[in-house]
Amino acid sequence: MAMDGGMPLADRLPAHGTIRSRKKTGLRRLLLHPVAKPLLFAACLLPFAWLVLALFTQQLGANPAEALQHATGIWALRFLCLALAVTPLRVRTGTPQLARFRRMLGLFVFFYACLHLLTYLWFDMWFAWADIAADIPQRPFILAGFATWLALLPLALTSTNKMIRRLGARRWKRLHRLVYAVAALALLHFFWMRSGKHNYAEVWFYAAIIGLLLLERVLRSYQRKRQARVGALR
Amino acid sequence: MAMNSSGKNGFVLPGEPVTPRHVHASRRDWLRWTAAAGTAALAGPFPALASEQTVTPPGELAPLASQPSQVAGAQARDALTAWEHVTQYNNFYEFGAGKTDPFDNAHALQTSPWEVKVEGLVNKPRTWALEDLLKLAPMEERIYRLRCVEGWSMVIPWIGYSLTALIKASQPQGSAKYVQFVTLADPETMPGVRSSRILDWPYTEGLRMDEALHPLTLLAFGLYGEVLPNQNGAPLRVVVPWKYGFKSAKSIVRIRFVEDQPATAWNKAAPREYGFYSNVNPDVPHPRWSQASERRIGEGGLFAKKRKTLPFNGYAEQVGQLYAGMDLRKNY
């Protein structure tokens, strides 16, 4: 990405919303450091590493398959929250350097979502494709989960620079708005899964986070439009 | 017994050591589990003897003496689920909705003194002290399969006697058609009762009179040779092995004989998902969990294939006639 250079990006990039600080603080320099990305990559792999370790040391309890299924699902949702938080944080704190981490976080959503799907295909269904085909439409929460994964797929496939160029920025951006559908479907999947036992506390927690992150976008877009109108009148 | 030793659907011969076939299960863990389950490695070469599995009490709680039950179907030949799993993987929402919450929180439960009020349409209503109930009939050890509605199962050596004994002692009147169980709901000691609105506390369950009178319906006071651990429903519970686990009410404080079908906790919460009967039935799917198969806890670890779920959890021979002529798809 072009942002990797040491240029004072805040001066170069027009960021939407209020920019509170344009100073290049120590934190911002750290964000641009060459090891920042590898470090984040390693950190994103920690939940996976922990699960593998816990599996091999028998720490996943009486039902390891279920524990893996729950953990991979919840981590996919957590990374989705993180990925959706990048832009609001970038704009509201005036830290354009954050943008360089968004793609990686998004790809980790896909990574954990794939593992989550795999736990279902493997430990629940043993790759019995006929049973799977019958099971998915029969149980709405699984259908919602599968739809979430399907919606993530084109986002992951078009995440390379090459694909961005081929699609063109405008079309790529439009396609990647699909992430909002991903968020809604993921929450629906979680809600339906928990509705069997009326156990919604965690669902509301993540719904609140995602709701706030989406609300921020709506407000920002409204502000932007108003600013544009005011600008046009001048 | 609906036992299938072909291995095709994951059933193993009784007593066959649950040797891990994959690298992830270390030999030490196997030894620990097998020792805990106390079983079957010894009986391995003698499947005929496996119905008399040796149950080794873990030495954690007060011992509870018993004789092997003679009731038909009460000696499942499946390998026992390790005591650790039986006591650390529970659904007991009064202590929290997580599987290990009951293990973590149930120590607060006060099981002594304990009284059970038997009331309703009976000639001999009575408030029983636990001590008297313990002496009402000889204690039997019964090895039952337990199938949870969530698609997992265990094999547990319970101790208790047929609920029939208590029903006979209470002399139900002719109008008594159902038995309702009311369980403890104490906000002081039960964090789930305090904080969650998942269910309408207290948890209640019910059985039709003929189901309650079936010899397999167990009034249980212990497991694995000892009194019940709190998280498993101490000091007394029912165990109805042919129904999904939630039908087997834990920590009972009241038993009521009634004329009309009583409301039951999960049925009130989600009537479309949890019926009054809730007999284990692979042909009636649940919106969340396929009921066609089940994961036997502790069996072969992560890479063990699931087992096919049997009608009435494999007790069709004993209880099938209770439902003759009923549409089990409608009366799920």
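In the predicted model, helix α4 (residues 64-93) of chain A packs against helix α10 (residues 178-195) of chain A at an angle of about 150 degrees, and the two axes lie 11 Å apart. Because angles over 145 degrees count as roughly antiparallel, α4(A) is roughly antiparallel to α10(A). The crossing of α4(A) and α10(A) is left-handed. On the α4(A) side, the contact is made by L77(A), L80(A) and L84(A), which meet V182(A), A183(A), A186(A) and F190(A) of α10(A). The residues of this contact between α4(A) and α10(A) comprise seven nonpolar, no polar and no charged.

Chain A is also in contact with chain B. In this contact, 20 residues of chain A are matched with 22 residues of chain B. The side of chain B that touches chain A is made up of nine nonpolar, seven polar and six charged residues.

Within chain B, five strands form an open sheet in the order β3-β2-β11-β6-β7, and the pairing in this sheet is mixed. Strands β3 (126-129) and β7 (204-208) of chain B are the edge strands, each of them pairing on one side only. On average, and with direction ignored, neighbouring strands of the sheet are turned by 20 degrees against each other. Strands of a sheet pair through backbone hydrogen bonds, in either a parallel or an antiparallel manner.

At the β3(B) edge, strand β2 (residues 115-120) of chain B runs antiparallel to β3(B), and four bridges join the two strands. One residue pair in this ladder is V116(B) with W128(B), the latter being the bridge partner in β3(B). The connection from β2(B) to β3(B) is a hairpin through five residues. At the β7(B) edge, strand β6 (residues 178-183) of chain B is joined to β7(B) by five bridges, and these strands also run antiparallel. Here Y178(B) stands opposite R208(B), a residue of β7(B).

Two cis peptide bonds of chain B are described here, each with a proline as the second residue. The bond between S112(B) and P113(B) is cis, with omega about 0 degrees. P113(B) is placed in the loop between α3 (101-105) and β2 of chain B, and β2(B) is the strand that continues through the hairpin into β3(B). The peptide bond from W201(B) to P202(B) is likewise cis, its omega being near -5 degrees. P202(B) is located in the loop between α6 (191-195) and β7 of chain B, and β7(B) is one of the edge strands of the sheet.

Positive phi values at residues other than glycine are found in a further loop of chain B. F312(B), which is not a glycine, has a positive phi of about 55 degrees. This residue belongs to the loop between β13 (307-308) and α9 (316-319) of chain B. F312(B) has 21 C-beta neighbours inside 10 Å and therefore counts as buried, the cut-off being 20 or more other C-beta atoms within that distance. N313(B) is likewise not a glycine and has a positive phi of about 55 degrees. N313(B) lies in the loop between β13 and α9 of chain B. N313(B) is buried because 26 other C-beta atoms lie within 10 Å.

Note on methods
Residues numbered from 1 in each chain as written. Chains lettered and ligands numbered in written order. Predicted model: local features only at pLDDT ≥ 70, side-chain atom pairs only at ≥ 80, totals over all residues. Pairing = 2+ DSSP bridges. Axes fitted to C-alpha atoms, helices over the stretch in contact; angles between N-to-C directions. Contact = placed C-beta atoms within 7 Å. Nonpolar A, V, L, I, M, F, W, Y, C, P; charged D, E, K, R; others polar. Parallel < 35°, antiparallel > 145°, perpendicular 65-115°, else oblique. Left-handed = near helix turned anticlockwise from the far one by under 90°. Buried ≥ 20, exposed ≤ 12 C-beta atoms within 10 Å, placed from the backbone.
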